[in-house]
Amino acid sequence: MKTFSVQFFKRLILLVLVLLFLIPTGCAISLGIKCSKLEKQLAGGGALDPSQSPVPHPNIDPLPVVGEALDYQELYPELYSTAQLPEERYSKANTVYLTVNTSLNANTRQLLDTLDEYEVKATFFVSGSSDEEALGIMREIANRGHTIGLYSYSGDYTNIYKSVSSYLDDFKQIYDLVETTTGIKAEIFRFPGGSVNGYNSGLYRELIAEMLRRNYLFFDWSASTGDATNATDGANNILGKMESVSRGFLLIEDGIGQEFQVEAVPAVIEGLRERGYEFQPLTAVVKPVIFNYNSVE
């Protein structure tokens, strides 16, 4: 049997020690070179080599590209409000905002006369109409110094709330009608039925986000005639809601068959003025009242 000298074992041990040192060192140097190249590439704004990108796991969907536009966000690229908003929207105590959802009918003229008599400026959220009489009333609202906001062109809740795109279609129609008729580029609007309702429960968050992205401002309401069927009860319902409230966003429905709501307005104005409230029209800088999003799931 061949025997090995002590010198041989010394040399073998030395060789092993050298290899144990050189292999990790070489790997570290190689890794350092790659990191250096990557660091220079990132610092210079260059693109990474696609061959070095990790391969996604076949059972995991890749993340969406940040900033990629949704289809409805590309609709109507001109449909953006130019409203200039302060850092904090305006909120004044003891102030009432009288808002009217109107279909532009004979009752509207009566309401305009009442508002003139009491020297109150209101906000009219208008619906669509091709009738010249109705368009004349819309112009009269503007000429008398009231604010015009947008409500709906068709008034067909089922169709309007089919999707965000459907809502934008209707919104664009009423926006164009108001601008063509009055020259006003409306900045404020009201969702038909309110921002949260039984028709939009599946998309209201997405819908609200899109309208705010387009810089349009919406307003719900805090007091209305409720279930009243006559002027006295309607006025009392509104006044009751205003007990110990600093600000109020009042809703009057101005449609055919709802004459009593217009008739309730004098009692509402008188009753709230006796309590020290001031009436103001809405603008884009007014801090709004918004329905509780948790009320519809």
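Which residue's side chain meets Arg-139 in a salt bridge? In this predicted model, the partner is Glu-132. The views below start with the whole chain and return to this pair in the fifth.

**View 1. The whole chain combines eight helices with eight strands.** The model is predicted. Of the 297 residues, 39% count as buried. The chain exposes about 17200 Å². Carbon and sulfur atoms supply 56% of that area. Contacts reach across the sequence: among those between residues at least 6 apart, 79% join residues at least 24 apart.

**View 2. Strand E1 (residues 95-102) is covered on both faces.** Eight of its eight residues are buried. One side carries Thr-95, Tyr-97, Thr-99 and Asn-101. The other side carries Val-96, Leu-98, Val-100 and Thr-102. E1 runs parallel to strand E7 (residues 247-254), and eight bridges join the two. Within that pairing, Val-96 has Gly-248 as its bridge partner. Strand E8 (residues 278-279) is also parallel to E1, joined by two bridges. Here Thr-95 is partnered with Glu-278.

**View 3. Strands E1 and E2 pair, and the chain passes between them through a helix.** E2 spans residues 123-127 and pairs with E1 in the parallel sense over four bridges. Thr-99 of E1 has Thr-123 of E2 as its bridge partner. Between the two strands, the chain crosses through helix H2 (residues 106-118). This β-α-β crossover is right-handed.

**View 4. The largest nonpolar core holds 58 residues.** Seven members touch the most other members: Leu-115, Phe-124, Tyr-167, Phe-189, Phe-191, Leu-250 and Leu-272. Helix H5 (residues 164-182) gives the largest share of this core, with eight residues. Apart from this core lies another, of twelve residues. Phe-249, Leu-282, Ala-284 and Val-286 are among the members of that second core. In soluble globular proteins, nonpolar side chains tend to be buried together.

Phe-124 deserves its own close-up. Leaving aside residues up to four places away in sequence, Phe-124 touches Val-100 and Thr-102. Its contacts also include Thr-108, Leu-111, Leu-112 and Leu-115. Further along the sequence, Phe-124 meets Ile-141, His-146, Thr-147, Ile-148 and Gly-149.

**View 5. Salt bridges link charged side chains around helices H2 and H3.** The structure holds 13 salt bridges. One of them joins Glu-140 and Arg-109, at 2.3 Å from N to O. Glu-140 lies in helix H3 (residues 132-143) and Arg-109 in helix H2, so this pair ties together parts that are 31 residues apart in sequence. Arg-109 is partly exposed, with a relative accessible area of 28%. Both residues belong to a network of salt bridges that also links Asp-113, Asp-116, Glu-133 and Arg-144. The opening pair fits this view too: the side chains of Arg-139 and Glu-132 meet at 2.4 Å, N to O. Arg-139 counts as partly exposed, at 30% relative accessibility.

**View 6. Glu-210 and Arg-214 form a salt bridge.** Their closest N and O atoms are 2.7 Å apart. Is Glu-210 buried or exposed? Glu-210 counts as buried because its relative accessibility is 2%, under the 20% cut-off. Arg-214 is buried as well, with a relative accessible area of 0%. Side chains of opposite charge can pair when their charged atoms come close.

Methods:
Residues numbered from 1 in each chain as written. Predicted model: local features only at pLDDT ≥ 70, side-chain atom pairs only at ≥ 80, totals over all residues. Heavy atoms only, no water. Core = buried A, V, L, I, M, F, W, Y, C linked by side-chain atoms within 4.5 Å. Buried < 20%, exposed > 50% of the residue type's maximum accessible area, 1.4 Å probe, protein only. Contact = heavy atoms within 4.5 Å. Areas by Shrake-Rupley, 256 points an atom, 1.4 Å probe, with all protein chains shown as cover. Pairing = 2+ DSSP bridges. Right-handed = clockwise from strand over helix to strand, strands pointing away. Salt bridge = Lys/Arg side-chain N within 4 Å of Asp/Glu carboxyl O.
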